[in-house]
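User: I would like a close look at one part of this structure, the sheet, followed by an account of the parts around it. Please keep it plain and connect the pieces as you go.

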Amino acid sequence: MELTIAQKLEALLKLQSIDSQLDEIKKIRGDLPEEVRDLEDDIAGFETRIGKFNADIQTLEEEIDKFKATKKDAEKLIARYKDQQMNVRNNREFDAISKEIELQTLEIELADKKINEAAFKIRNKQEEIKATQSALDERKEDLKAKMQELNQITSESQEEEKALIDERDQQATHIEERLLKSYNKIRENALNGLAVVMVKRGACGGCFNVVPPQRQADIRDKKKIIVCEHCGRIFADVEGAPEPLPSRR
């Protein structure tokens with residue numbers, strides 16, 4: 001059955017009343033939900049950073065192991081070359097072996113340098129982990145406190161909020177889809193969440209701009225849905241006695 005304009009406006013006004021009550025519940029929570037989300041994001045970021053530092057340290061430790069192995073191989077070669085030097089037949093063989101010993105000695109020096117560089121990087125990473133862990137622990141404490149505060153507030157209004165959400169879902173079924181979409185869009189753009197308002201003391205109940213008497217009369221007639229020409233909110237009705245229309249004399 002097609003609803004009259006008056007019935008549509010009444011349904012919208014009821015929906016607005018429910019949404020306003022839900023808005024009040026959310027207002028009591030304030031910025032807590034957003035603060036909790038921000039802290040959770042910070043914690044996830046710090047944990048990712050610590051994980052990356054640990055992965056970097058593992059890579060550096062593997063490099064150190066590789067350079068230590070290189071160093072050990074070079075030391076073995078030097079020992080072998082020195083044994084060979086004891087049995088050379090001429091100066092040319094002695095010089096060739098001496099050159100190999102020199103090359104392996106350079107390999108050891110290079111490996112020591114790389115080991116020291118990697119160890120230095122590991123110490124820096126460990127310091128960064130320590131600082132990040134400290135910040136992480138602090139955020140976790142903050143999150144724990146905020147969650148306790150939010151849970152307390154939520155538990156106090158949980159049943160009321162659930163009942164209002166159920167009532168809202170039921171009320172929304174009485175409003176045609178096109179009108180409901182318009183209502184939701186207006187609400188999204190309104191700072192105070194008001195999409196449906198009354199005309200109060202000759203002014204829009206949303207933006208407080210003056211509504212001309214003739215327009216107020218049209219709103220009272222409820223023959224069509226009228227919106228505020230300034231803010232776009234839907235007018236449900238006019239409060240109080242009708243204002244006299246200007247004389248046409």
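Analyst: The sheet is open and has 3 strands, in the order E2-E1-E3, with mixed pairing. Its edge strands are E2 (203-204) and E3 (234-238), each of which pairs on one side only. All of this refers to a predicted model. As background, the strands of a sheet pair through backbone hydrogen bonds, and the pairing can be parallel or antiparallel.

The pairing of E1 with E3 can be followed residue by residue. Strand E1 covers residues 196-200, and 4 bridges join E1 to E3, the two running parallel. Val197 stands opposite Phe235 in E3. Met198 has Asp237 in E3 as its bridge partner. In general, the side chains of a regular strand alternate between the two faces of the sheet.

How much of E3 is buried? E3 is mostly covered, with 4 of its 5 residues buried. The word "buried" here means under 20% relative accessible area.

From the sheet we turn to the helices and the loop that follows one of them. Helix H3 spans residues 91-172, and helix H4 spans 177-189. His174 is found in the loop between H3 and H4. Because its relative accessibility is 43%, His174 counts as partly exposed. The C-alpha atom of His174 is separated by 6.8 Å from that of Ala11, although these two residues are 163 residues apart along the chain.

Next come the charged side chains. In general, side chains of opposite charge can pair when their charged atoms come close. The count in this model comes to 18 salt bridges. One of them is formed by Asp42 and Arg139, whose closest N and O atoms are 3.2 Å apart. Asp42 lies in helix H2 (residues 32-85) and Arg139 in helix H3, so this pair ties together parts that are 97 residues apart in sequence. Asp42 counts as partly exposed because its relative accessibility is 33%. Arg139 is also partly exposed, at 24%.

Helices H2 and H3 are linked by another salt bridge, between Asp56 and Lys125. In this pair the closest N and O atoms are 3.2 Å apart. Lys125 lies in H3 and Asp56 in H2, so the parts tied together are 69 residues apart in sequence.

A further salt bridge joins the side chains of Arg89 and Glu93, at 2.9 Å from N to O. Arg89 counts as exposed because its relative accessibility is 72%. Glu93 is partly exposed, with a relative accessible area of 25%. Salt bridges that share partners also join Asp19, Asp23, Arg168 and Arg187 into one network.

Other charged residues form a patch on the surface. Which residues gather in the patch of positive charge? They are Lys66, Lys113, Lys114 and Lys121. Helix H3 gives the most to this patch, with 3 residues. Lys114 is found in H3, and it counts as partly exposed because its relative accessibility is 33%.

To bring the pieces together, E1 and E3 run parallel in the sheet, and E3 is mostly covered. Helix H3 holds Arg139, which takes part in a salt bridge with Asp42 of H2. Helix H3 also gives the most residues to the positive patch.

Conventions. Residues are numbered from 1 along each chain as its sequence is written. This is a predicted model: local features need pLDDT of at least 70, side-chain atom pairs count only at pLDDT 80 or more; totals for chains, interfaces and linings use all residues. Side-chain values use heavy atoms; hydrogens and water are left out. Patches are made of residues with over 30% relative accessible area and no salt bridge: like charges are joined within 9 Å, nonpolar side chains (Val, Leu, Ile, Met, Phe, Trp, Tyr) within 5 Å. Accessible areas come from the Shrake-Rupley method with a 1.4 Å probe; for residues, only the protein chains shown count as cover. A salt bridge is a side-chain nitrogen of Lys or Arg within 4 Å of a carboxyl oxygen of Asp or Glu. Lys and Arg count as positive and Asp and Glu as negative; His and the chain ends are not counted. The place of a charge is taken as NZ of Lys, CZ of Arg, CG of Asp or CD of Glu. Buried means under 20% relative accessible area, exposed over 50%, partly exposed in between (1.4 Å probe, protein chains only). Two strands pair if DSSP finds at least two bridges between them.
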